[in-house]
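This report walks through selected features of one protein chain, with attention to charged pairs, cysteines, a pocket and a few buried positions. The sequence and the structure are shown below.

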Amino acid sequence: MDSTRPSLPCPFEKVHPSQLIRDDEFYMWQAYNLAIDAWRQDEVPIGAVIELGGEIIGSAFNQRDGTRDPTAHAEILALGQASQAVANWRLVGATLYVTKEPCPMCSGATLMSRLKRVVYAVPDPKMGCLGGAIDLNGLPQSNHHLEITRGVLEKPCLDLLRAYFQLKRRED
């Protein structure tokens, strides 16, 4: 991470749900909190967590600008952590929670990693590839298909993204 990048104050507060109910909303709140961390480092506020057996085995936020790496998307970084955690590139039975529908690169990586599910908050009709602009998961010749859940905590995640881009447009 480039330590010379200034932090960017974020007007949104992190949410700390009860640890007792580990459902889709619980894990999406974890991803949302990571999106806030991204904002604070002046990165596009997208967060991702990967859950397996009730435990988070990978978590990250976008780091493209700070690392100057076009592949440093939250999903890719979290997939890498999860693969290391289970010592296998196949993440069978795991679920990815991400605050915005995955792009072409990340959608392909979710399929290639053999995740069980992908849960995303905000659809992306321009670049989303799990039902938005296109649906890579729907390719009939693919040897793996994901379970997809859309719209979990869509409003707070969308509000965060919109506010960030409104602020960035004002700066430009």
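Helices, as the word is used here, are DSSP runs of H or I with at least four residues, numbered from the N terminus. With that in place, Lys155 and Asp159 can both be assigned to helix H5, where they sit four residues apart, about one turn of the helix. An α-helix has 3.6 residues a turn, so residues three or four places apart point the same way. The model is a predicted one, and every value below is computed from it.

**Salt bridges**

The count of salt bridges comes to five, and three of them are described here. Within helix H5, Lys155 pairs with Asp159, and their closest N and O atoms are 2.7 Å apart. Lys155 has a relative accessibility of 58% and therefore counts as exposed, since the cut-off for that class is over 50%. Asp159, at 28% relative accessibility, counts as partly exposed.

A second salt bridge joins Asp42 to Lys168, with 2.8 Å between the closest N and O atoms. Asp42 lies in the loop between helix H1 (24-40) and strand S1 (47-52), whereas Lys168 belongs to helix H5 (residues 154-171), so the pair ties together parts that are 126 residues apart in sequence. Asp42 and Lys168 are both buried.

The third pair is Asp124 with Lys100, whose closest N and O atoms are 2.6 Å apart. This pair, too, links distant parts of the chain, with Asp124 in the loop between strand S4 (117-122) and strand S5 (147-150) and Lys100 in strand S3 (residues 95-100), 24 residues apart. Asp124 is buried at 10% relative accessibility, while Lys100 is partly exposed with a relative accessible area of 21%.

| Salt bridge | Closest N and O atoms |
|---|---|
| Asp42 and Lys168 | 2.8 Å |
| Asp124 and Lys100 | 2.6 Å |
| Lys155 and Asp159 | 2.7 Å |

**The largest pocket**

Which residues lie closest to the centre of the largest pocket? The largest pocket has a volume of about 560 Å³, and of the 21 residues that line it, the closest to its centre are Ile46, Lys100, Asp124, Leu161 and Phe165. Lys100 and Asp124, which appear in that list, are also the partners of the salt bridge described above. Helix H5 gives the most to the lining of the largest pocket, with five residues. By class, the lining holds 11 nonpolar, two polar and eight charged residues.

**Cysteines and the loop at His73**

A search of the whole structure finds zero disulfides. Cys103 is in no disulfide, and the nearest cysteine sulfur, that of Cys106, is 3.7 Å away, whereas a disulfide would require the sulfur atoms to be within 2.5 Å. The sulfur of Cys129 has its closest cysteine sulfur in Cys103, at 7.1 Å, which is too far for a bond. Cys103 is buried at 15% relative accessibility, and Cys129 is buried at 5%.

Cys103 and Cys106 both recur among the contacts of His73, which, not counting residues up to four places away in sequence, touches Asn62, Arg64, Cys103, Met105 and Cys106. His73 lies in the loop between helix H2 (64-67) and helix H3 (74-86), and with 12% relative accessibility it counts as buried. The C-alpha atoms of His73 and Ile46 are separated by 8.2 Å, although these residues are 27 residues apart along the chain.

**Buried positions in helices and strands**

Cys106 is also one of the buried residues of helix H4 (residues 104-112), together with Ser107, Ala109, Thr110 and Leu111. The elements that cover the buried residues of H4 include H3, S3 and S4. Just after H4, Arg114 takes a positive phi of about 65 degrees.

Thr95, found in strand S3, is buried with a relative accessible area of 3%. Apart from its neighbours within four places in sequence, Thr95 is in contact with Val49, Ile50, Glu51, Leu115, Arg117 and Val119.

In helix H1, Ala31 is buried at 0% relative accessibility. Residues up to four places away in sequence set aside, Ala31 touches Gly47, Ala48, Val49, Tyr97 and Thr99. Val49 is thus named among the contacts of Ala31 and among those of Thr95. Ala31 and Tyr120 are 89 residues apart in sequence and 9.7 Å apart in space, C-alpha to C-alpha.

Conventions: Residues are numbered from 1 along each chain as its sequence is written. This is a predicted model: local features need pLDDT of at least 70, side-chain atom pairs count only at pLDDT 80 or more; totals for chains, interfaces and linings use all residues. Side-chain values use heavy atoms; hydrogens and water are left out. Helices (H or I, at least four residues) and strands (E, at least two) are DSSP runs, numbered from the N terminus. Buried means under 20% relative accessible area, exposed over 50%, partly exposed in between (1.4 Å probe, protein chains only). Contact means heavy atoms within 4.5 Å. A salt bridge is a side-chain nitrogen of Lys or Arg within 4 Å of a carboxyl oxygen of Asp or Glu. On a 1 Å grid over the protein atoms alone, a cavity is a set of points where a 1.4 Å probe fits but cannot get out, and a pocket is an open set with protein on both sides within 12 Å along at least five of seven lines; lining residues have an atom within 4 Å of a point. Grid points are joined across faces, edges and corners, and a volume is the space filled by probe spheres set on the points. Ala, Val, Leu, Ile, Met, Phe, Trp, Tyr, Cys and Pro count as nonpolar, Asp, Glu, Lys and Arg as charged, and the others, Gly among them, as polar.
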